[in-house]
Amino acid sequence: MSGRCAEGEGATVALAERPFRALRGFIAGSGFAVAMLALLAAFEAWLVFLLLWPASHDGLGSFADELRIWCFGVDAAGEVSVGRIATVLSEPVLLAAIIGWIWGPVLRWNRSAARVMLVTLAVAVAALVVTFRTRSSVANASSGPLPFPAQALRTAYVPPDLSLTDQTGVAVTLKELRGRVVVLTGIYASCTVACPIIMGEAKRALGVLTLDERSEVTWLAVTLAPRVDTQAVRATTAERYGVRAPEFRLLGGEPSRVEAALDALQIARNQSAHTAIIEHASLFILVDRSGRLAYRLPVGGRGDAWLVDALRVLLHEPRPAS
């Protein structure tokens, strides 16, 4: 009786171990190595494709532009990190070399391996197509060619006057800018994700305006890190983004005064307790010639498409009587 029990237990153990043996056989054999190499090849091709794809404000171009900023460290203002690009592109190659070195003895380019590679590539390509189509659908849904609803979005809130200094040490107030169209936003020097996008979109909008229109617009970027972004830091930041006063003025000053200005403008921000990263709203606040807050437009999607339209609406309004 005990012998039969032992045999039954042995059969159960053997049955339970069968999937693990199959998995070990797949990993130790050529199938796993070929599949991983195929995936790495598809991923590398995908990275190169997106790196070279032209930027746009929706669809694949928008996705590629965001990936270049997030993964490759390409500044939205135009600065390229060659070292970062080389590092990202070399990682799949290095991993493929490690796989080739470890699985070299069992890699055999036979029909079975070819079938595994073809199936894996087909799955990778299908996933890539689905990703592109999904991204394009979402982008088109959020940034369709709708006309700018100037009257529906218009507000008439008069913000409290701010009194800060720009990157050259010159004092700036909203009162002294009456008669001009003012665009306010919040950034900070060490930001590597949202702030380059904000500044890149600001420069893009300026590039669309005529020289006469551009001369009537002042951009104010209030620092979100007033204790760190001193005048010298803000001056360096302005150089990095390729902007100059008085067209672009990066504002800072006494921390409590800066924080009060950000609160008055309702620019949400939250700094992590463990890092220097500040999560913040990405938006443009447009002030009309009379000093009233006219529009609050988000950065990205329809906000980008409407920014130039909103600026031109305000630029065509008459100057207030002095």
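How many of the five residues of strand S8 are buried? Load the predicted model and find out.

**Stop 1: strand S8**

Select residues 283-287, which form S8. The strand is mostly covered, with five of its five residues buried. Now check its two sides. Leu 283, Ile 285 and Val 287 are buried on one side. Phe 284 and Leu 286 are buried on the other. Both faces of S8 are therefore covered. In a regular strand, side chains alternate between the two faces of the sheet.

**Stop 2: the partners of S8**

Add residues 293-298, strand S9. S8 and S9 pair in the antiparallel sense, over five bridges. Two positions are worth labelling. Ile 285 stands opposite Arg 296 in S9. Phe 284 stands opposite Leu 297 in S9.

Then follow the hairpin itself. Five residues lie between the two strands. Pick out Gly 291 there: its phi is positive, near 85°.

Next, add strand S3, residues 181-187. S3 and S8 run antiparallel and are joined by three bridges. Label Leu 184, whose bridge partner in S8 is Ile 285.

**Stop 3: the whole sheet**

Bring in S4, residues 217-223, and S5, residues 248-251. You now have an open sheet of five strands in the order S5-S4-S3-S8-S9, with mixed pairing. Which strands stand at the edges? They are S5 and S9; each has a single partner strand, so one side of each is left without a neighbour in the sheet. Turn the view to look at the twist: neighbouring strands are turned by 20° against each other on average, direction ignored.

Zoom in on the S4 and S5 pair. These strands run parallel, joined by four bridges. Leu 220 stands opposite Arg 249 in S5.

**Stop 4: helix H7**

Select residues 194-208, helix H7. Which strands does H7 lie across? It lies across S3, S4, S5 and S8. Against S3, H7 runs at about 160°.

**Stop 5: helix H9**

Move to residues 231-241, helix H9. Colour its buried residues: Arg 234, Thr 237, Ala 238 and Tyr 241. Look down the helix axis. These residues fall within an arc of 100°, so they line one face of H9. The face turned away from that buried side carries the exposed residues Ala 232 and Glu 239.

What covers the buried residues of H9? The cover includes strand S1 (163-165), S3, H7 and S5.

Stay at the end of the helix. The charged end of Arg 240 sits over the ring of Tyr 241, 5.0 Å from its centre. Gly 242 follows H9 and has a positive phi, near 70°.

**Stop 6: aromatic rings**

The structure holds five aromatic pairs. Show Phe 148 and Tyr 295 as sticks. Their ring centres are 5.2 Å apart and their planes stand at 70°, so the pair is edge-to-face. The pair links distant parts of the chain, 147 residues apart. Phe 148 is in the loop between helix H5 (111-142) and helix H6 (150-153). Tyr 295 is in strand S9. Are these two residues buried or exposed? Phe 148 is buried, and so is Tyr 295.

Finish by adding Trp 306. Ring pairs link Phe 148, Tyr 295 and Trp 306 into a cluster. With Tyr 295 selected you are back in S9, the edge strand that pairs with S8.

How values were computed. Residues are numbered from 1 along each chain as its sequence is written. This is a predicted model: local features need pLDDT of at least 70, side-chain atom pairs count only at pLDDT 80 or more; totals for chains, interfaces and linings use all residues. Side-chain values use heavy atoms; hydrogens and water are left out. Two strands pair if DSSP finds at least two bridges between them. Axes are lines fitted to C-alpha atoms, for helices over the stretch in contact, and angles run from 0 to 180 degrees between N-to-C directions. Contact means heavy atoms within 4.5 Å. Buried means under 20% relative accessible area, exposed over 50%, partly exposed in between (1.4 Å probe, protein chains only). The arc is that of the directions from the helix axis to the C-beta atoms. Rings of Phe, Tyr and Trp (its six-membered ring) pair if their centres lie within 6.5 Å; planes under 30 degrees apart count as stacked, over 60 as edge-to-face and the rest as tilted. A charge sits over a ring if NZ of Lys or CZ of Arg is within 6 Å of the ring centre and within 35 degrees of the ring normal.
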